[in-house]
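Grab a pencil and work through these exercises with the structure open beside you. Try each task before you read its solution.

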Amino acid sequence: MWLRHNSELDRHPLTRERIVCASELPPEPRPQSLRVSDDATALDIDWGDRADGQVSRYAADWLRAHAYAADRVAVPPPPSDTAALTVDATRLDGPLGPLALRRLQETGALLVRGFGADTEALIDLFGREGLSVIETHFGRIEDLRTDNTTNQNTDQLGYTDSAIQLHTDQPFLERPPRYQLLHCMRPADVGGDTGVVDGLAAARHLADIDAPAFELLRTVPVTFHRKQKDFERVLVSPILDFDVHGGFRIRYSYFTLAPYRRPFAEMEAWYRASNRFARLVRDERHQYRFRLEAGDFLIYDNWRMLHARTAFSGPRWMRGVYFDSQARF
């Protein structure tokens, strides 16, 4: 917007005064193309909205003289290199448990290929590292499959073949389970891919590119309302919480949000902020994306990471287990 607002094409050819107000410009201008001159003294941008086909030229000296964020050190968006999360269970140099806990601290998630089908062995493995299974209103272990017969309260999206966009689990609890394990028994025939986003990295990036939006998500309480046939919980909290023990917790679940209740004068700003964050995390360039095969598992920090899956067909079967530290604070 700043570049588009300062195009010399929007000045009178004789007086060089502005003849276009910023309010008349597209709200989110996007260049069709740009080019640095051969001698690097100018930047040409084709905004794609000129009937005469002219491009805007910005002299490099002018850009340097008027730069409004010359000293800014950009905070990167959430990472997306799945290889950084992934290990092969058959090629480990050391024990898996300590590695997993270390990765949960560093990156928020660990993807393990080729572990095998024994979920109880995984529970024992993480138990030796100080994690305890947290039983929820679904039970001790969730069998996430469309023909589930083992769990309670299956009237929710996890037990369907629907796509589920990015979210954290159990945001309607005062203390959501800290970690979640997703252990693949059988992948879908088609679809069912997993996406994971580092919510802490997303929050920091949002603070860098849109401080007002970050402040709203950090301070404005919203209501999470899980209502099922035999289970109901309500909790009010900001989406981004930097005041909890441990420094950060994100609650994010579009399908358990109650209707927003903000003053009339604040509602537009709230939607702008929350949608800005949604677009940020839903951008596939900011996501770890992968397919879990039989015997693979993903464990992630539910206070930090968002997760999602694509729609699928076929008898996909994941086993879900929640964990928390035995020394809970």
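**Exercise 1. Two helices in contact**

Task: Find which residues of α5 meet which residues of α6, then work out how the two helices are oriented.

Solution:
- Step 1. Start with the contact: A203, L206, A207 and I209 of α5 meet A211, A213, F214 and L217 of α6.
- Step 2. Sort these residues by type. You get eight nonpolar, no polar and no charged.
- Step 3. Now look at the geometry. This is a predicted model, and in it α5 (residues 199–209) packs on α6 (residues 211–219) at an angle of about 135°, with the axes 5 Å apart.
- Step 4. Name the arrangement. Angles over 145 degrees count as roughly antiparallel and 65 to 115 as roughly perpendicular, with the rest oblique from 35 degrees up. That makes α5 oblique to α6.

**Exercise 2. A small sheet order puzzle**

Task: In the open sheet of three strands, say which strands stand at the edges and why one side of each is left without a neighbour.

Solution:
- Step 1. Write down the order, which is β1-β2-β3, with antiparallel pairing.
- Step 2. Check the ends: β1 (33–36) and β3 (56–59) each have a single partner strand, so one side of each has no neighbour in the sheet.
- Step 3. Add the twist, which averages 15° from one strand to the next.
- Step 4. Zoom in on one pair. Four bridges join β1 to β2 (residues 42–46) in the antiparallel sense, and V36 has L43 of β2 as its bridge partner.

**Exercise 3. A covered strand**

Task: Decide how many residues of β18 are buried, and find the strands that pair with β18.

Solution:
- Step 1. Count along β18 (residues 305–309): five of its five residues are buried, so to speak "mostly covered".
- Step 2. Split the strand by direction. M305, H307 and R309 point one way, while L306 and A308 point the other way.
- Step 3. Look for partners. β8 (residues 164–167) runs antiparallel to β18 and is joined to it by two bridges, whereas β11 (residues 194–198) pairs with β18 over five bridges, also antiparallel.
- Step 4. Focus on H307 of β18: H167 stands opposite H307, and V196 has H307 as its bridge partner.

**Exercise 4. What a helix packs against**

Task: List the buried residues of α3 and the elements they pack against.

Solution:
- Step 1. In α3 (residues 96–106), the buried residues are L96, G97, L99, A100, L101, R103 and L104.
- Step 2. These pack against β4, β5, α4, β6, β9 and β17.
- Step 3. Look just past the helix: α3 is followed by G108, with a positive phi near 90°.

Terms used:
Residues are numbered from 1 along each chain as its sequence is written. This is a predicted model: local features need pLDDT of at least 70, side-chain atom pairs count only at pLDDT 80 or more; totals for chains, interfaces and linings use all residues. Side-chain values use heavy atoms; hydrogens and water are left out. Buried means under 20% relative accessible area, exposed over 50%, partly exposed in between (1.4 Å probe, protein chains only). Contact means heavy atoms within 4.5 Å. Two strands pair if DSSP finds at least two bridges between them. Axes are lines fitted to C-alpha atoms, for helices over the stretch in contact, and angles run from 0 to 180 degrees between N-to-C directions. Ala, Val, Leu, Ile, Met, Phe, Trp, Tyr, Cys and Pro count as nonpolar, Asp, Glu, Lys and Arg as charged, and the others, Gly among them, as polar.
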